[in-house]
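Reader: Could you take me through one part of this model in detail? I would love a close look at the aromatic pairing and how it sits within the rest of the protein.

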Amino acid sequence: MKLKLSAPALTAAFAFAAPAQAQTEVQWWHSMGGALGEWVNDLAKDFNASQKDYKVTPTFKGSYAESMTAGIAAYRAGNAPHMIQVFEVGTATMMAAKAPSCRWPG
């Protein structure tokens, strides 16, 4: 006796056999407005379309100073983005920012 499975039945069988892997979302805060902001969004869109494991979500946070301030506040609150674009002077400021319950490694 041969067992025949239709394509929908086979798809359903695999869906129950292997748990679905959720995409890992990567939050990216930036200060690129106008045409450069559109380019950043297109860059993330193209990356997201090229694979299914990660989803980069770019978010415009205003000027460099506004992004840095938001990043420090988010870090101190325990919900910092995965990546943040800041100007070179802002890097030292962010590294010196203290969180209430943790320290920078090193």
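Author: Happy to: here is the aromatic pair, followed by its surroundings and the rest of the fold. Please keep in mind that this is a predicted model.

A search of the whole structure turns up one aromatic pair. The partners are Y64 and F87, whose ring centres are 5.7 Å apart. Their planes make an angle of 55 degrees, and the pair is classed as tilted. That class fits the cut-offs, because planes under 30 degrees apart would count as stacked and those over 60 as edge-to-face.

Where do the two rings come from? Y64 belongs to helix α3, whereas F87 is in the loop between β3 (83-84) and α4 (88-96). The pair therefore ties together parts that are 23 residues apart in sequence. As for cover, Y64 counts as partly exposed because its relative accessibility is 34%. F87 is also partly exposed, given its relative accessible area of 25%; the buried class would need a value under 20%.

Staying with helix α3, which spans residues 64-77, you will find R76 there too. R76 has 46% relative accessibility and so counts as partly exposed. The C-alpha atom of R76 is separated by 8.2 Å from that of A97, a residue 21 places away along the chain.

Another ring worth a look is that of W29. The charged end of K61 sits over this ring, 4.2 Å from its centre.

Now for the buried side of things. The largest nonpolar core has six residues: V26, W28, M32, V40, A44 and V56. Two elements, β1 (24-30) and α2 (34-50), each give two or more residues to this core. One core member, A44, is in contact with V56 and P58, once its neighbours within four places in sequence are set aside.

Stepping back, how many helices and strands frame all this? The protein has four helices and three strands, and from the N terminus on they run α-β-α-β-α-β-α. Of the 106 residues in the protein, 25% are buried. The protein exposes about 8100 Å², and carbon and sulfur atoms supply 63% of that area. Finally, if you take contacts between residues at least 6 apart in sequence, 60% of them join residues at least 24 apart.

How values were computed. Residues numbered from 1 in each chain as written. Predicted model: local features only at pLDDT ≥ 70, side-chain atom pairs only at ≥ 80, totals over all residues. Heavy atoms only, no water. Core = buried A, V, L, I, M, F, W, Y, C linked by side-chain atoms within 4.5 Å. Buried < 20%, exposed > 50% of the residue type's maximum accessible area, 1.4 Å probe, protein only. Contact = heavy atoms within 4.5 Å. Areas by Shrake-Rupley, 256 points an atom, 1.4 Å probe, with all protein chains shown as cover. Phe/Tyr/Trp six-rings, centres within 6.5 Å; stacked < 30°, edge-to-face > 60°. Lys NZ or Arg CZ within 6 Å of the ring centre and 35° of its normal.
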